[in-house]
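Could you walk me through this structure in the viewer, one selection at a time? I would like to know what to click on next and what I will find there.

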Amino acid sequence: MDVKSFISRNFFSTLLVFCTILISSNSFASDNNSLTNSNAIFATNLVLTESGSSSIFPPGYKLKQLDETVSLNGEIVSSGRIEYNPSGNVTRLERREKNRKGESITRVYRDESGNWIKRINWLIDGKESDVGKVVIEYLFDEQGRIVSSRLLNSVWAREYIYNDNQQLTEVIEKQILDENNFSEVTYPVRRYHYNSQGFIARRDVLTKRKNLISTHYFDYGEHNVLQRVTGIASNDEVKRNSGEKHYSDYDRYHNWLLAEWDNGESKFTKIRKIIYY
C-alpha cells in the first residue's frame, strides 16, 4: 500500500468516526433537552396543583383535560378539573371542596399581566363570598420557572428551589419585610426526592419548626405507572400512623383512573377521567 492510499483510507475512517460521535452527541443533547423541558413542565404543574399525581409525568402524550372526584364513604367531598395546553402545561384549574370549615372553590388562572393566580373563595349560602378569601400570586424568573409566590394581604411568601435538572426539590416560606426584602429566617414546607428515572420517589411535609409532619413514598410498576403511595405521619420523629393509597384501573396511556385509601374509619375513593388531544 502506498502512502497516498494509506492517508486517504485513514482520513475517511477518521471522518466517519467523527461524524458518528457528532450525531450521537447531538442526539444525546436533544434527548437531554427534552427531558429537562419535561421536568420544567412537571415542576410548574406540581407548584400550581400541589399534587404529584395530578401533574402527570412524563408528558409523552397530549393531555387536554383531567377531571377528578373524591368521595368519602360514598359521598362526594371534592371535585375538580385541570386543563392543559398541547405542550403539557396547566392552563386552568378549578376545584370544589367540602371540609370541617365549610365548602370552598379554588381557581388557578393567569391574570391580565400573565402572572399565575390562585384564588380560594368560601361558599356561604351557596354563593361565593369574599369573606376569608385567599389570593396567591406566583412569580416567574427569566427561565420561565415559578420561583416564588406571595399570599396577598399577608407577610408570608414562598420560594421554590430547583436542581440542575429543573426538578422542584424544596418549597420554603419566608416573611416579607417590605416590597423587596425578605426575612433571612426560612421555614421548609415541602421537600421532593426523585428516583433514577426522574419520578417523584418521596415527598416530605414539614412544620415551621422544621419538624417532620409526614413522608410519602411513591412506588411505580411496569411502564413507570404509579401503583402505591405509602404515607407515614410523625410528630417530633415519633411515628403516629401510616397508610397506603392504591392506584388502579389504568387507561391506554398507563395513567391511573382510580385511587383508594382509608384512615381506619373512613374510606376514600378518587376517580379520574382523562381527555387527550
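Gladly. Keep in mind throughout that this is a predicted model.

**Start with the whole chain**

Colour the chain by secondary structure to begin. The protein chain holds two helices and 16 strands. Switch on the surface next: about 17,000 Å² of it is accessible, and carbon and sulfur atoms account for 49% of that. Of the 277 residues in the chain, 36% are buried. Taking contacts between residues at least 6 apart in sequence, 26% join residues at least 24 apart.

**Into the nonpolar core**

Now select Y138, I146, Y160 and L168. The largest nonpolar core has 39 residues, and these four touch the most other members. Helix 1 (residues 3-49) supplies five residues, the largest share of this core.

Stay with Y160 and show what surrounds this residue. Which residues does Y160 contact, leaving aside its neighbours within four places in sequence? The list is V47, Y138, I146, V147, S148, S149, L168, E170 and V171. Three of the residues you have just selected, Y138, I146 and L168, are therefore on display again as partners of Y160, and all of them were named with Y160 in the core.

**Out to a loop**

Move along to D164, in the loop between strand 8 (156-162) and strand 9 (168-178). Is D164 buried or exposed? Its relative accessible area is 77%, so D164 counts as exposed. Add T36 to the selection and draw a distance between the C-alpha atoms: D164 and T36 are 128 residues apart along the chain, yet these atoms are separated by 8.8 Å.

**Two hairpins in a row**

Next, select residues 90-110. Strand 3 (residues 90-99) and strand 4 (residues 102-110) run antiparallel and pair over seven bridges. They make a hairpin, with two residues between the strands. To see the register, click on E97, which stands opposite S104 in strand 4.

Extend the selection to strand 5 (residues 116-124), which is antiparallel to strand 4 and joined to it by seven bridges. Here V108 stands opposite K118 in strand 5. The hairpin of strand 4 and strand 5 has five residues between the strands, and within this hairpin G114 takes a positive phi near 90°.

While these strands are on screen, show their side chains. In a regular strand, side chains alternate between the two faces of the sheet.

**Rings that meet**

Time for the aromatic residues. How many aromatic pairs does a search of the whole structure find? There are four. One of them is F199 with Y220, a tilted pair whose centres are 5.2 Å apart, with 50° between the planes. F199 is in the loop between strand 10 (181-194) and strand 11 (200-206), while Y220 belongs to strand 12 (residues 212-220), so the pair ties together parts that are 21 residues apart in sequence. F199 is buried, at 7% relative accessible area, whereas Y220 is partly exposed, at 25%.

Now go to W261 and F268. Their ring centres lie 5.4 Å apart and their planes are at 5°, so this pair is stacked. F268 counts as buried because its relative accessibility is 18%, and the cut-off is under 20%.

**Charges over rings**

Keep W261 selected and add K245, which lies over the face of the W261 ring, 4.1 Å from its centre. For another example, select R272 and W256: the charged end of R272 sits over the W256 ring, 3.7 Å from the centre.

**A stop at S71**

Return to strand 1 (residues 63-72), where you will find S71. S71 is buried, with a relative accessible area of 16%. Apart from neighbours within four places in sequence, S71 contacts I76, V77, K267, F268 and T269. You have already met F268 as the stacking partner of W261.

**Last stop: the backbone**

Finish by checking phi angles. Most residues other than glycine have a negative phi. H223 has a positive phi, near 65°, and it sits in the loop between strand 12 and strand 13 (226-235). D249 also has a positive value, near 55°, and its place is in strand 14 (residues 238-250).

Conventions:
Residues numbered from 1 in each chain as written. Predicted model: local features only at pLDDT ≥ 70, side-chain atom pairs only at ≥ 80, totals over all residues. Heavy atoms only, no water. Phe/Tyr/Trp six-rings, centres within 6.5 Å; stacked < 30°, edge-to-face > 60°. Helix = DSSP H or I, 4+ residues; strand = E, 2+ residues; numbered from the N terminus. Buried < 20%, exposed > 50% of the residue type's maximum accessible area, 1.4 Å probe, protein only. Lys NZ or Arg CZ within 6 Å of the ring centre and 35° of its normal. Pairing = 2+ DSSP bridges. Core = buried A, V, L, I, M, F, W, Y, C linked by side-chain atoms within 4.5 Å. Contact = heavy atoms within 4.5 Å. Areas by Shrake-Rupley, 256 points an atom, 1.4 Å probe, with all protein chains shown as cover.
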